[in-house]
Amino acid sequence: MTGLNEKNGSCLCGAVGITAKNPSNKVGACHCGMCRKWGGGPFMEIDCGTNVTFRGEENITVYNSSSWAERGFCKKCGSHLFYRLKGNGQHMVAVGLFDDQEGLVFNSQVFIDKKPSFYSFVNKTNDMTEAEIFEMYGSS
Ligand SMILES: [Zn+2]
Ligand SMILES: [Zn+2]
């Protein structure tokens, strides 16, 4: 049985499954240089907090991408799974993993000032620059 407030997904090859309980329906995009290196383009994610469980966890490789965060991917197919804050275990999960894409709202873009000029989303979103992010969350 799947609860109403549960979202299920998997990586491309199916070796890793994910269940998020009470996830946000808001989708954010990050244009920072690290996300674009990682995925070849902006990282589109849902904030799933700490209520995330994985199946096939032995197939996840976690890359230590900075002093404050790490990134997980499937070691079999390379699908990007999450960006995770080390301090509080908050998971920003790649939105494309989820089977059900209905009801999602793309509402925010961060590091908008790092976005290269060759693409832009037409969605009306709340955008934040690097300076605004550091001002809000602190730079440490
Ligand atoms: Zn996989
Ligand atoms: Zn980023």
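Visitor: Which residue in β2 does G9 stand opposite?
Guide: This is a predicted model. In it, β1 covers residues 6–10 and β2 covers residues 17–21. The two strands run antiparallel and are joined by 5 bridges. Across from G9, in β2, stands I18.

Visitor: Which strands stand at the edges of the open sheet that holds β1?
Guide: The sheet is open and has 3 strands, in the order β1-β2-β5, with antiparallel pairing. Each edge strand has a single partner strand, so one side of it is left without a neighbour in the sheet. The twist averages 15 degrees from one strand to the next. The strands at the edges are β1 (6–10) and β5 (52–55).

Visitor: What is the arrangement of the donor atoms around the zinc ion (ligand 1)?
Guide: The protein donors are the SG atoms of C11, C13, C74 and C77, which lie 2.3 to 2.4 Å from the ion. Four donors count as tetrahedral if all angles lie between 85 and 135 degrees. Here the 4 donor atoms subtend angles of 104 to 113 degrees, so the arrangement is tetrahedral.

Visitor: What spacing do the donors of the zinc ion (ligand 1) follow along the chain?
Guide: The donors are C11, C13, C74 and C77. Read along the chain, their spacing is C-x1-C-x60-C-x2-C.

Visitor: Is C77 buried, partly exposed or exposed?
Guide: C74, a donor of the zinc ion (ligand 1), counts as buried because its relative accessibility is 1%. The cut-off for buried is under 20%, and that for exposed is over 50%. C77 has a relative accessible area of 28%, so it is partly exposed.

Visitor: Which residues coordinate the zinc ion (ligand 2)?
Guide: In sequence the donor residues are spaced C-x1-C-x2-C. Each of them gives its SG atom, at 2.1 to 2.3 Å. The residues are C30, C32 and C35.

Visitor: Does C32 count as buried or exposed?
Guide: Buried means under 20% relative accessible area. C30, another donor of this ion, has 9% relative accessibility and therefore counts as buried. C32 has 11% relative accessibility, so C32 counts as buried.

Visitor: Where is Q90 found?
Guide: Q90 has 18% relative accessibility, so it counts as buried. Not counting residues up to four places away in sequence, Q90 touches D47, G49, T50, Y83, R84 and L85. Q90 is found in the loop between β8 (80–85) and β9 (91–94).

Note on methods
Residues numbered from 1 in each chain as written. Chains lettered and ligands numbered in written order. Predicted model: local features only at pLDDT ≥ 70, side-chain atom pairs only at ≥ 80, totals over all residues. Heavy atoms only, no water. Donors = N, O, S within 2.8 Å, 3.2 Å for Na, K, Ca; no water. Buried < 20%, exposed > 50% of the residue type's maximum accessible area, 1.4 Å probe, protein only. Helix = DSSP H or I, 4+ residues; strand = E, 2+ residues; numbered from the N terminus. Contact = heavy atoms within 4.5 Å. Pairing = 2+ DSSP bridges. Axes fitted to C-alpha atoms, helices over the stretch in contact; angles between N-to-C directions. Tetrahedral: all angles 85-135°; square planar, octahedral: opposite > 155°, others 65-115°.
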